[in-house]
Amino acid sequence: MSKDRSLPQRVTVVNVERQSPTVKLLRLAPVPWRPKQRGAPLFHPGQFVMVGELGYGEVPLGALSPPTATDYVEVAVRKVGNVTGHLHTLASGDSVMLRGPYGNGFPLDRFTGKDVVMVTGGCGIPPIAALVEHIIANREQFGRVSLLYGAKTPDELLLKKRMKEWQRHDITVLTTIDQPAPSWRGPVGFVPTLIPNARVNGAQAVAAVCGPTPMVRALASALNGIGITNERIFVSTERAMHCGIGKCQHCTIGDRYVCMDGPVFTLDWLEKCWDG
Amino acid sequence: MANLTIRRDTVEGLLTALREEYDVFDCRGATLPFKQYLFPPEQEILKATRMGKTQAAKPPRAMVLFGLDRRDLEALAQLDVIMAKPIEDVPYWKRRKRAIVIGIVEDDGTTVPSGDVVFRETTNRAYRVETNSERAQRFVRAWKKFFQTAKGSTDEKTGPRAQAANTADWSAGMDELLAQPELLANAVEWSHDHRIWDELAKRCLGCGICTYVCPLCYCFATEDRVGLDDICRRCRRWDACTLLNFSRVAGGFHFKPTLRERYYNWFYHKFVRAYREYGKPQCVGCGRCKQNCPASIDIQDVLRTIVRDYEARAV
């Protein structure tokens, strides 16, 4: 019998970093799985892991560390419920249960050689962050790259330090907040309003998106407006997650599974699916 | 192995003797199908003490599943494939590998889809015994005092199994539908906007009974249980895609908030997603969902309506 891919392993929280009033970054080590080949990345950008604790449960979280980091994996936890409430009590040196990685991640072969625009809001940044790190590690394989990132308030923009670092690697980073705020000098408005400023050639560019359905709809029309068609828009989706191995039926979208075939689907496919 | 038979009046004796060595589950005519022994309503998959020491669940005792009929054997064959591909479901196989399956089917010359040992209803006094694996042969040898080598028998041959006429018609109707899986997949997929789902959503109580009694429904939730014994158990327990919380995520958002969507999804899984994933509809026409539905919903009526309207649709 093979190893049970739905069983977690105990790992240590090696670092905790508060990112916003409701979000913390947890760095977890050692990683309880090996890369597919020696020296290969630990996960594929856009894949997710299950993090939890016995007695509380588990939650699916997009891995946001550089996929090439060999000795840890990092996740962002927004405090919304039972499990995430527990994860917020943890300090460096405590332990959690971890399993993964799951899902397909972004189809990098469709990104290579293209301009890339990444769009997300609030705590949708993790899978996008891993994609940015992959692009930076292989910068010459991609054309012009933009990250458009919005949040309700300046406080809720995550990974601010890393975004500064990304800009030094020829990534255009544009941020916006929903409402004017005293401390904010940047653009104000929902994230689709940034799209016309994306420095990309829409005729060939690909888009990577992570966000709730209403946001994705608004993004789609703005992305279509600069020439990016739905077959070139890759959306990281969310569903209830239990087993992670394509059995339990909680995460289905139409005839596919978010845990196995997703979480990334083309917007074209999602629009045609009754369940998308 | 030579032609073996077992006298019908010694079957109970065999089961009693088997109980010395096995957990024996008699599945004949059971409302909750055999799946409950391979994929229990609640199964511990991991446990930990307060000190944080975790351990995987213990393997179960060897078991005998007795008396699966042809439709159950078909469901078992499918469940074995589902739990093996594309990723092996380890908790299922921990139990499955410990189970000897004995089917009882008519002697109609057809092969059976699964089962280690098969009792064929040849005469009114005895079953003809077939073994379908090395393990089954060892099993029959170990219990040989209950089996006889067949001699030319003068026993009366059994005719077709006695079945109430209406049940027989219903089963034949299901078989006819299930013989066209591509049509069912296309029709159910097409039916998403059909008013039948609005009507069914009004009738359906959202109780989940149809999924619990279905030999091919296998969705589950993973839950942690903390007891007074200071042990935390991670369990998987039967879930049902018709229940409200099935698609709920943290924060309270429901991806399928209406019963209409959830009930459609139940059919969609069985006849569309499953067909595309494994090449067969996940229904064997056993009729348990119909017999046990408190709202008297008949899966065959639903499928016939959809197929009729699909075939008559304006092209």
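Select A:Pro30 to start: this proline sits in the loop of chain A that runs between β2 (23-29) and β3 (48-53). Keep in mind as you go that you are looking at a predicted model. Now add the residue just before the proline and look at the bond joining the two. The peptide bond from A:Ala29 to A:Pro30 is cis, with omega near -10°.

There's another one to find in chain A. Jump to A:Pro263, in the loop between β13 (256-257) and β14. Here the peptide bond from A:Gly262 to A:Pro263 is cis, and its omega is near 5°.

**Next stop: the sheet in chain A**

Switch to a cartoon view and colour the strands of chain A. You're after an open sheet of six strands, in the order β9-β8-β7-β10-β11-β14, with mixed pairing. Which strands are at the edges? They are β9 (171-177) and β14 of chain A, each of which pairs on one side only. Tilt the view and you can follow the twist, which averages 20° from one strand to the next.

What holds neighbouring strands together? Strands of a sheet pair through backbone hydrogen bonds, and they can do so in a parallel or an antiparallel way.

Zoom in on strand β11 of chain A, residues 233-236. Its pairing with β10(A), residues 206-210, is parallel and goes over four bridges. Click on A:Ala208 and then on A:Phe234, its bridge partner in β11(A). Now trace the chain between these strands: it leaves β10(A), passes through helix α4 (residues 213-225) and arrives at β11(A), making a right-handed β-α-β crossover.

Turn to the other neighbour, β14 (residues 264-266) of chain A, which pairs with β11(A) in the antiparallel sense over three bridges. Two residue pairs are worth clicking on here. A:Val235 has A:Phe265 as its bridge partner in β14(A), and A:Ser236 has A:Val264.

Are the side chains of β11(A) buried or exposed? Show them and look at both faces of the strand: A:Ile233 and A:Val235 on one side are buried, and so are A:Phe234 and A:Ser236 on the other.

**Helices on the sheet**

Select residues 125-137 of chain A. This is helix α2, and it lies across β7 (116-121), β8 (145-151), β9, β10 and β11 of chain A. Look along β7(A) and compare directions: the helix runs at about 155° to that strand.

Then pick helix α3 of chain A, residues 160-167, which also packs on the sheet. It touches β8 and β9 of chain A, and its direction makes about 145° with that of β9(A).

**Two loop residues on either side of α3**

Go to A:Leu159, in the loop between β8 and α3 of chain A. Its phi is positive, about 55°, although this residue is not a glycine. A:Leu159 is buried, because it has 21 other C-beta atoms within 10 Å.

Move on to A:Asp170, in the loop between α3 and β9 of chain A. Its phi is positive too, near 65°, and again the residue is something other than glycine. Is A:Asp170 buried or exposed? It counts as exposed, because it has 12 C-beta neighbours inside 10 Å.

**Zoom out: the domains of chain A**

Colour chain A by domain: domain 1 is 9-102 and domain 2 is 108-236. Their C-alpha centres lie 23 Å apart. Where they meet, 17 residues of domain 1 are in contact with 13 residues of domain 2. On the domain 1 side, β4 (57-62) and β5 (73-78) each supply at least two residues. The largest share, three residues, comes from β5(A). That side divides into 10 nonpolar residues, six polar and one charged.

**Last stop: chain B**

Now bring in chain B, where you can look for 12 helices and 11 strands. Its C-alpha trace spans about 65 × 65 × 35 Å along the principal axes. Of its 315 residues, 36% count as buried.

Colour this chain by domain as well, using 4-149 for domain 1 and 165-311 for domain 2. The centres of these domains of chain B are separated by 25 Å.

Finally, show both chains together and find where they meet. How many residues of each chain are in contact? There are 28 from chain A and 33 from chain B. The chain A side is made up of 11 nonpolar, 10 polar and seven charged residues.

Key
Residues numbered from 1 in each chain as written. Chains lettered and ligands numbered in written order. Predicted model: local features only at pLDDT ≥ 70, side-chain atom pairs only at ≥ 80, totals over all residues. Contact = placed C-beta atoms within 7 Å. Nonpolar A, V, L, I, M, F, W, Y, C, P; charged D, E, K, R; others polar. Buried ≥ 20, exposed ≤ 12 C-beta atoms within 10 Å, placed from the backbone. Pairing = 2+ DSSP bridges. Right-handed = clockwise from strand over helix to strand, strands pointing away. Axes fitted to C-alpha atoms, helices over the stretch in contact; angles between N-to-C directions. Domains from an automatic or database assignment.
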